[in-house]
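Hi,

Here is the structure I promised to pass on, with my notes on what turned up in it. Have it open while you read, and click along as we go.

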Amino acid sequence: MKLLILGSNGQVGYSLVEKAEAGGLMYTAKDRTQLDITDYDRLLQVVADEKPGCVINAIAYTNVEKAEEEKDLAFQVNATAVGNLARICAERDIPLIHISTDYVFDGSGEEAHSESDKVNPLNVYGRSKLAGEKAIIDSKGKYVILRTSWVFGRHGRNFVKTMVNLFKTRDELNVVADQVGGPTYAGDLAEAILQIAGFIEKNPDFSGWGIYNLAGKRDVSWYEFARSIYKACKNSGIHVRDVKINPVGSSEYKTRAVRPLNSKLNLTRIHQVFNIEPGDWQHEIEHNILCYEK
């Protein structure tokens, strides 16, 4: 089966290409400079020309803060364009694997969110991603929507790289301690996506289309995540300062976009259907932190 990977210059897209290449899979990859997903005619042409057996969409507007000011652009990329892609795939009976977010939830309660829990996004980014989910569902095609959380990778900008750089220049940091979720390594997410694509190919009668949660193993707060990153830096020999990391509440850390306090995701369904286990983000941090020093 030939894969069409959209968003190959992003964290997850980059990992998808790496793993597809290493696995000898047939694929075509398009980054944002090669394909503007909001250009319907160009999107239609690419899908028609490539004739993929499965489309993986890793393109998204992900700047949570800036989305509060650029609402129209966020919805254009995360909702309108995604709906166009879903309809194009549905018309051609092409399965679509799409990455969504834990931010479709408001973060209430303490239990991990299941796929069927009520959605109620708190910010523009979350609302635009939820609109994208709904557009895919409305297309009535074959789709797997993956809701994930706190993605980080060796390519691109993310929390881990930000922390490593701050540990080199700051003596004290305040990090939010009341938002809890599962950090997700982009490489683990990419591997799971390719596993799902392979499962779909081997099971032509597959009927479990829908929404699935997928996140890293062991839920932590941003504060705990930062401490783990700092410890890994120290153990690996990265030259960092003696940094005091202070836990603070969300109310003390002012942002334009409101974030959910509870981003924990229940991972039962994806294990039952695809036999996918959550990746160990701690292992990635402890063994490969040097990759995040750049």
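Let's start with strand 4: Leu-96, His-98 and Ser-100 point one way, while Ile-97, Ile-99 and Thr-101 point the other way. That back-and-forth is what you'd expect, because side chains in a regular strand alternate between the two faces of the sheet. Both sets are buried. With six of its six residues buried, strand 4 (residues 96-101) is largely enclosed by the rest of the structure. Keep in mind that this is a predicted model.

So who are the neighbours of strand 4? Strand 3 (residues 54-57) runs parallel to strand 4 and is joined to it by three bridges, and you can spot Val-55 standing opposite Leu-96. Strand 5 also pairs with strand 4 in the parallel sense, over six bridges. There, look for Ile-97 in strand 4 opposite Val-144 in strand 5.

Next, the empty spaces. How many cavities of 30 Å³ or more are there? The count comes to one, and its volume is about 40 Å³. Leu-96, which you met in strand 4, is one of the residues lining this cavity, and others include Ile-94, Ile-136 and Tyr-143. Helix 4 (residues 71-91) gives the most to the lining, with three residues. Sorted by class, the lining has seven nonpolar, two polar and one charged residues.

There are pockets too, and the second largest has a volume of about 220 Å³. Which helix gives the most to its lining? That's helix 7, with seven residues. Among the residues around this pocket are Met-1, Leu-3, Lys-19, Glu-191 and Leu-194. The lining divides into six nonpolar, two polar and four charged residues.

Helix 7 (residues 186-202) deserves a look of its own. Its 17 residues reach 24 Å from the first C-alpha to the last, close to the 24 Å expected at 1.5 Å a residue. Quite a few of its residues are buried, including Ala-186, Leu-189, Ile-193, Leu-194 and Ile-200.

Now for the charges. Side chains of opposite charge can pair when their charged atoms come close. A search of the whole structure finds 12 salt bridges, and here are a few to find on screen.

- Lys-19 and Glu-191 meet in a salt bridge at 3.4 Å, N to O. Lys-19 sits in helix 1 (residues 11-22) and Glu-191 in helix 7, so the pair ties together parts that are 172 residues apart in sequence. Lys-19 counts as partly exposed because its relative accessibility is 30%, and Glu-191 is partly exposed as well, at 45%.
- Arg-147 and Glu-133 form a salt bridge at 2.7 Å, N to O. This pair links Arg-147 in strand 5 (residues 143-148) with Glu-133 in helix 5 (residues 124-138), 14 residues apart. Are these two buried or exposed? Both are buried.
- Asp-242 pairs with Lys-234, and their closest N and O atoms are 2.8 Å apart. Asp-242 counts as exposed, at 65% relative accessibility, whereas Lys-234 is partly exposed at 39%.

One last thing to click on: Glu-65, Glu-69, Arg-256 and Arg-259 are joined into one network by salt bridges that share partners.

Happy exploring!

Key. Residues numbered from 1 in each chain as written. Predicted model: local features only at pLDDT ≥ 70, side-chain atom pairs only at ≥ 80, totals over all residues. Heavy atoms only, no water. 1 Å grid on protein atoms, 1.4 Å probe; cavity = no way out; pocket = protein on both sides within 12 Å on 5 of 7 lines; lining within 4 Å. Points joined across faces, edges and corners; volume = space filled by probe spheres on them. Helix = DSSP H or I, 4+ residues; strand = E, 2+ residues; numbered from the N terminus. Nonpolar A, V, L, I, M, F, W, Y, C, P; charged D, E, K, R; others polar. Expected span 1.5 Å × (residues − 1). Buried < 20%, exposed > 50% of the residue type's maximum accessible area, 1.4 Å probe, protein only. Salt bridge = Lys/Arg side-chain N within 4 Å of Asp/Glu carboxyl O. Pairing = 2+ DSSP bridges.
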